[in-house]
2 protein chains.
Amino acid sequence: MKTVIFAGLGSMGWPMASNLHDAGIKVVPYDVDAEKVQEFQRRTGTGGEVNPSLPTVDGLLIMVVNAQQVRSLLFEQGMIEKLKPGACIVQMSTISPADSAKISHEIRDVRVDLHFVDAPVSGGVVGAQQGSLTIMAAGIPAALTACRDVFEVLGGAIFPAGDQPGQGSAFKSVNQLLCGVHIAAAAEALSLAEKNGLDLETMVEMLGASAASSWMLKDRGPRMILPPDEITSVVDIFCKDLGIVCESAKQSRAYTPLANASYQLFVASSERGEGKLDDSQLIRTYRLLNGM
Amino acid sequence: MKTVIFAGLGSMGWPMASNLHDAGIKVVPYDVDAEKVQEFQRRTGTGGEVNPSLPTVDGLLIMVVNAQQVRSLLFEQGMIEKLKPGACIVQMSTISPADSAKISHEIRDVRVDLHFVDAPVSGGVVGAQQGSLTIMAAGIPAALTACRDVFEVLGGAIFPAGDQPGQGSAFKSVNQLLCGVHIAAAAEALSLAEKNGLDLETMVEMLGASAASSWMLKDRGPRMILPPDEITSVVDIFCKDLGIVCESAKQSRAYTPLANASYQLFVASSERGEGKLDDSQLIRTYRLLNGM
């Protein structure tokens, strides 16, 4: 791909679009917030229209908040009309497998000459900045091949998730099941330790060195026992992502008791007004229930 | 410590006692199974009585299955009488914090001249064999100092858990909470993937490379998707260990929904007659509920 529209210049999309620009790919930025588009153009020295109309565009990369925004972009804001025949629509947002499959069919109802690649990512803002995202990409082989250069700029690891739309999002939902449950498990373990009066710093160190370890424990554990000085991902993100996991499990009629229990803990944190806190602060819900 | 009684020559105790012998510590083996004791003596070239009576013993290391066996050893089989004044009783089995604290008091009722060290381990049979166990040791500083040489032979990492009996076992129960929940979470994630028809080998590889990773996922995940050719730890071990976690949480009135749900999944596996399978086979309970 030589020219892409990058739609969604949020905390993930901005660094991803910047990395593509830095790698020599012509990036046409797009966002519902026109100021973000202008700011991106100023910083990258790219000019041109705010609302592009480029029949030479090879791909549309979408990194927005939910399926409604994906649909709005494509069909209301007309992005689907701006791609050349044979171009790829690369859906990288975290949405449900069912929504991803439906959107693929809705695209086909309007234009049959486009590819749809369902390619959500994991790795957060740090992964987006460093170009080290994990990409779970579902699509037909020709479409995945067309995306390879772009994916290699954005990601440290690219995993083929299948050839059906929805399978990339299904990979991501399995990934988020573990991420969300592991945060809740770390909060549960450390609040049990706290309730027993154990030394929490020694505990986090011990757990990280044993078979009890997880990526989330090592990353979020220290921020659970000392108030975090920065926010890397908020409680509300997991309300959304575990909500997708539970919905996906319901649709596929799968048994997911740990994901459902974890989802409810994140929702309880959010409902108390803590949705914008760092997700490590889920431990506050445990502390509340433990009378701490 | 120059001379220790090692009580409990099971799958953990045998390699631990062997490592101590190899490190030049005089090990008096003890087990309710006299044949195991004779076998240990044959293999190590140590002789002497099967039921020792040595007023020169510096320490009694205990690695048995439960608190009842610890009590039986000490008080019914008379081990408490075989130690010299100032010796350490080092309790390394996985028992509840409350039991450990109670046993410490029961020892004091019989002899006031002994130290009690509550020092359970993590790392399984492999850790026992390699001398790389994680040791969570609670006791007064003088007692922990006396144990240092022995611990360094047995363990790759030694963590001070506190100065009260029960605190080592409380550390271990927090550790086991995460180990058990992480096995159940891996089974839940992979069975959701399976239910969605996703490629499980790619899935395990992807999850192990992302923020979804855990030590248990990397170790047990491959054995969940391909039948394991060896058993490293059985389902019934986690029925016991998560049972201790739930009991400990109940006693300390702590909220542990994920540990309780995971405990019930392990119990369901055991109750179907699968208690002696590798613990990765917890996934069979998910498959059963998923109609797979």
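This briefing walks through the contact between the chains, the salt bridges, the aromatic pairs and one glutamine of a two-chain model.

The model is predicted, so local features are kept only at pLDDT of at least 70 and side-chain atom pairs only at pLDDT 80 or more, while totals for chains, interfaces and linings use all residues. Residues are numbered from 1 along each chain as its sequence is written, chains are lettered from A and ligands numbered from 1 in the order in which they are written, and side-chain values use heavy atoms, with hydrogens and water left out.

**Where chain A meets chain B**

- Chain A and chain B bury about 4,900 Å² between them, and 73% of that is on carbon and sulfur atoms; buried area here is the accessible area (1.4 Å probe) that two parts lose on being put together, summed over both.
- Each side chips in: 58 residues from chain A and 58 residues from chain B take part in the contact, where contact means heavy atoms within 4.5 Å.
- Between chain A and chain B there are 0 salt bridges, a salt bridge being a side-chain nitrogen of Lys or Arg within 4 Å of a carboxyl oxygen of Asp or Glu.
- Polar contacts do turn up there, with 12 residue pairs between chain A and chain B (both at pLDDT 80 or more). A polar contact is a pair of N or O atoms within 3.5 Å; within protein, one must be able to donate a hydrogen and the other to accept it, and residues adjacent in sequence count only if both atoms are side-chain atoms.
- On the side of chain A that touches chain B, the elements giving two or more residues are β7 (133–138), β8 (155–162), α7 (167–195), α8 (200–208), α9 (215–225), α10 (235–251), α11 (257–274) and α12 of chain A. Helices (H or I, at least four residues) and strands (E, at least two) are DSSP runs, numbered from the N terminus.
- The largest share of that side, 18 residues, comes from α7(A).

**The annotated stretch of chain A**

- An unreviewed UniProt entry annotates residues 166–286 of chain A as "domain: 3-hydroxyisobutyrate dehydrogenase-like NAD-binding"; UniProt positions are in the numbering used here, feature names are shortened, and annotations may be inferred rather than shown by experiment.
- Over residues 166–286 of chain A, the chain is 73% helix and 0% strand, with the end C-alpha atoms 34 Å apart.

**Salt bridges**

- The count over all chains is 30 salt bridges.
- In chain A, E39(A) pairs with R42(A), the closest N and O atoms being 2.7 Å apart. The two sit 3 residues apart in helix α2 (residues 34–44) of chain A, so about one helical turn separates them.
- E39(A) is partly exposed at 23% relative accessible area, and R42(A) is exposed at 61%. Buried means under 20% relative accessible area, exposed over 50%, and partly exposed in between (1.4 Å probe, protein chains only).
- In chain B, E39(B) bridges to R43(B), again with a closest N and O distance of 2.7 Å. This pair is 4 residues apart in helix α2 (residues 34–44) of chain B, about one helical turn.
- R43(B) is exposed at 61%, while E39(B) is partly exposed at 23%.
- D219(A) and R220(A) form a salt bridge with their closest N and O atoms 2.6 Å apart; D219(A) is partly exposed at 28%, but R220(A) is buried at 6%.
- D219(A) and R220(A) also belong to a salt-bridge network that links them with R223(A), D278(A) and D279(A).

**Aromatic pairs**

- There are 6 aromatic pairs over all chains. Rings of Phe, Tyr and Trp (its six-membered ring) pair if their centres lie within 6.5 Å; planes under 30 degrees apart count as stacked, over 60 as edge-to-face and the rest as tilted.
- W14(A) and F40(A) make an edge-to-face pair, because their ring centres are 5.4 Å apart and their planes lie at 80°.
- W14(A) is in helix α1 (residues 13–22) of chain A and F40(A) in helix α2 of chain A, so the pair ties together parts 26 residues apart in sequence.
- Both are buried: W14(A) at 18% and F40(A) at 0%.
- Y286(A) and Y255(B) form a tilted pair, with ring centres 5.6 Å apart and planes at 55°.
- That pair crosses between chains, from Y286(A) in helix α12 (residues 283–289) of chain A to Y255(B) in the loop between α10 (235–251) and α11 (257–274) of chain B.
- Y286(A) is buried at 0%, whereas Y255(B) is partly exposed at 32%.

**Q167(A)**

- Q167(A) lies in helix α7 of chain A and is buried at 16%.
- A polar atom of the Q167(A) side chain lies 3.1 Å from the backbone nitrogen of D163(A).
- Leaving aside neighbours within four places in sequence, Q167(A) is in contact with D118(A), A138(A), A161(A), G162(A), G197(B) and L198(B).
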